[in-house]
Amino acid sequence: MRCPFCRHADSRVVDSREVDDGQVIRRRRSCPECGRRFTTVEEAILAVVKRSGVTEPFSRDKVVRGVARACQGRPVNEDQLQLLAQKVEETIRATGSAEIPSHEVGLAILGPLRELDGVAYLRFASVYRSFSSVEDFEKEIADLRAAMADGAAQRDEQ
Ligand SMILES: [Zn+2]
């Protein structure tokens, strides 16, 4: 790998370690030309397959942007969005596949978003699941209410 300091075409690996349970390999490199050291990170690309068949790398930023749109005007902050995107990535990586269909990204968003904000969840779900009628909303709201009641009951028990 090229040295980011002096642009020398080669560098030497001086240390290599696994992080995140081996999901990521971090390498310490040294430049034989200028002697400076730098770190590289290697991880498997998680590819998202769009409906058109085109693949693109999974992007947390893209998840954040998509969810942020549904969260407009809601009491949801940037940290919460970042955390949600992290959960989505973890869920997807846990499947162990290197390529996942884009609708599974949407599915992985629904759960944590429902916990975060009911209104944002309904907005997101209405687009994602292409709600076509008021009844679709009514059904989803009924499910949401049941889930919230469940959550409240579980909190009461604790
Ligand atoms: Zn160098």
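## The segment before the first strand

R7 is placed in the segment before β1. The model described here is predicted. R7 is not a glycine, yet its phi is positive, at about 70 degrees. Most residues other than glycine have a negative phi. The relative accessible area of R7 is 51%, and R7 is therefore classed as exposed, the cut-off being over 50%.

S11 is also found in the segment before β1, a strand that covers residues 12-19. Is S11 buried or exposed? S11 has a relative accessible area of 11%, and because buried means under 20%, S11 counts as buried.

## The surroundings of S11

Which residues are in contact with S11, apart from its neighbours within four places in sequence? They are M1, R29, S30, C31, P32 and F38. Two of these contacts can be described in further detail. A polar atom of the S11 side chain lies 2.8 Å from the backbone oxygen of M1. The side chain of S11 is also joined to the side chain of R29 by a polar contact of 3.5 Å.

## The three-stranded sheet

Three strands form an open sheet in the order β1-β2-β3, and their pairing is antiparallel. The edges of the sheet are occupied by β1 and by β3, which spans residues 37-43. Each of these two strands has a single partner strand, so one side of each is left without a neighbour in the sheet. From one strand to the next, the twist averages 20 degrees. In a regular strand, side chains alternate between the two faces of the sheet.

The antiparallel strands β1 and β2 are joined by seven bridges. In this pairing, R12 has S30 of β2 as its bridge partner. Seven bridges likewise join β2, residues 24-30, to β3, and this pair also runs antiparallel. How are individual residues matched across the second pairing? The bridge partner of I25 in β3 is E42, that of R28 is T39, and that of S30 is R37. S30 thus takes part in bridges to R12 and to R37.

## The two hairpins

The strands β1 and β2 form a hairpin, with four residues between them. In the turn of this hairpin, D20 has a positive phi of about 55 degrees.

A second hairpin is made by β2 and β3, with six residues between the strands. In this hairpin, a positive phi near 80 degrees is taken by G35.

## Two domains and a recorded feature

How does the domain assignment divide the protein chain? Domain 1 is given as residues 12-43, and domain 2 as residues 47-157. The centres of domain 1 and domain 2, taken over C-alpha atoms, are separated by 35 Å.

An unreviewed UniProt entry places the feature "domain: ATP-cone" at residues 46-136. Over residues 46-136, the chain is 63% helix and 10% strand. The C-alpha atoms at the two ends of this stretch are 33 Å apart.

## Helix α4 and the loop that follows

Helix α4 comprises residues 118-128, and its buried residues are A120, Y121, L122, F124, A125 and S126. An α-helix has 3.6 residues a turn, so residues three or four places apart point the same way. What covers the buried residues of α4? The covering elements include α1 (60-70), α3 (102-116) and α5 (134-157). At the N-terminal end of α4, D117 acts as a cap: one of its side-chain oxygens lies 3.2 Å from the backbone nitrogen of V119.

S130 is located in the loop between α4 and α5. This residue, just after α4, takes a positive phi of about 45 degrees, although S130 is not a glycine. Is S130 buried or exposed? With a relative accessible area of 52%, S130 is exposed, because the cut-off for that class is over 50%.

Methods
Residues are numbered from 1 along each chain as its sequence is written. Side-chain values use heavy atoms; hydrogens and water are left out. Buried means under 20% relative accessible area, exposed over 50%, partly exposed in between (1.4 Å probe, protein chains only). A polar contact is a pair of N or O atoms within 3.5 Å; within protein, one must be able to donate a hydrogen and the other to accept it, and residues adjacent in sequence count only if both atoms are side-chain atoms. Contact means heavy atoms within 4.5 Å. Two strands pair if DSSP finds at least two bridges between them. Axes are lines fitted to C-alpha atoms, for helices over the stretch in contact, and angles run from 0 to 180 degrees between N-to-C directions. UniProt positions are given in the numbering used here, feature names are shortened, and annotations may be inferred rather than shown by experiment. Domain bounds come from an automatic or database domain assignment.
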